[in-house]
Amino acid sequence: MLLKNTRHSRSQEARCLEELLQKDIDGVIIEPSKSQISCRHLHLYERLEEYGIPYVFIQGCFDQMEDKPQVLMDDCRGGHLITKYLLDTGHRDIAGVFKADDIQGQNRHRGYVQALQEAGVLYDPDKVIWFHTEDRKVHPQEGIRRLISKGTRLDSVVCYNDQIAMQVIPTLTARGIRVPEDISVTGYDNSYMAIGGGFQLTTIVHPQEKLGEMAAQLLLSLLHGESLGPEERKILIQPELVVGNTTC
């Protein structure tokens, strides 16, 4: 069974877990919400273990449970890869828009910082816009407008995902800023949102089907009682860059 709750509150996530504990299930694949924030419901996961129900985290994992079975993208590597691409193509004034309340956003930001440091570009926290699940439809655009209004030098923007990138682009064009001629914009996920309005985002491939397949295989191994080493219990999928027409 898959428990996916990335757009909802943690109280709803707890209710879902409570309901699962009342059902006849063999195992669970869990995509946690707000994975950067400390888990308040450890007792529910402990009950899964007491009942002998194996579970696998996908897309994210709480810090207190980092030793649990999980299948993740190497999001730090992804953030590094796409930022390095911008640096290699001559960009230096690179803003970032990242999600604060999940581990993917934190890791993509970490990769962004590492790439800047390796290139000798000073990290400027004023060029980083943080948003949360609840304000994802408003705060990224407001943050970009604020940077432009302040006259901040920008030649590119690294976005947390494709959805945010496709919010940033019209925010820039409404100010008469051309993408990519004036400012390059990148996404992450290579989702259906990566194409639209004549744009095809430069983005990172996020193979959700592969992640799901590998999580299912890991869960089956646990159900069969297989002895797994650390590398088999924590699987990191490497990112791939896709170059579109939103960068130059």
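Start by selecting strand 5, residues 94–99 (strands are DSSP E runs of at least two residues, helices H or I runs of at least four, numbered from the N terminus): 6 of its 6 residues are buried, meaning under 20% relative accessible area with a 1.4 Å probe on protein chains only. This is a predicted model, in which local features need pLDDT of at least 70 and side-chain atom pairs pLDDT 80 or more, while totals for chains, interfaces and linings use all residues. Residues are numbered from 1 along each chain as its sequence is written, and side-chain values use heavy atoms, without hydrogens or water.

Now colour the two faces of strand 5: Ile94, Gly96 and Phe98 lie on one side, Ala95, Val97 and Lys99 on the other, and all are buried.

Next, add the neighbours. Strand 7 (residues 156–159) runs parallel to strand 5, joined by 4 bridges; pairing takes at least two DSSP bridges. Here Ala95 has Val157 as its bridge partner. Strand 6 (residues 128–131) is also parallel to strand 5, with 4 bridges, and Lys99 is partnered there by Phe131.

Bring in helix 4 (residues 103–118): with strands 5 and 6 this helix makes a right-handed β-α-β unit. Point the strands away from you, and the path from the first strand over the helix to the second runs clockwise.

Helix 4 also leads to the second largest pocket, since strand 4 (70–73), helix 3 (75–88), helix 4 and strand 12 (234–237) each supply at least two residues of its lining. By class, this lining has 7 nonpolar, 3 polar and 6 charged residues, with Asp, Glu, Lys and Arg counted as charged, Ala, Val, Leu, Ile, Met, Phe, Trp, Tyr, Cys and Pro as nonpolar, and the others, including Gly, as polar.

Note on methods:
Buried < 20%, exposed > 50% of the residue type's maximum accessible area, 1.4 Å probe, protein only.
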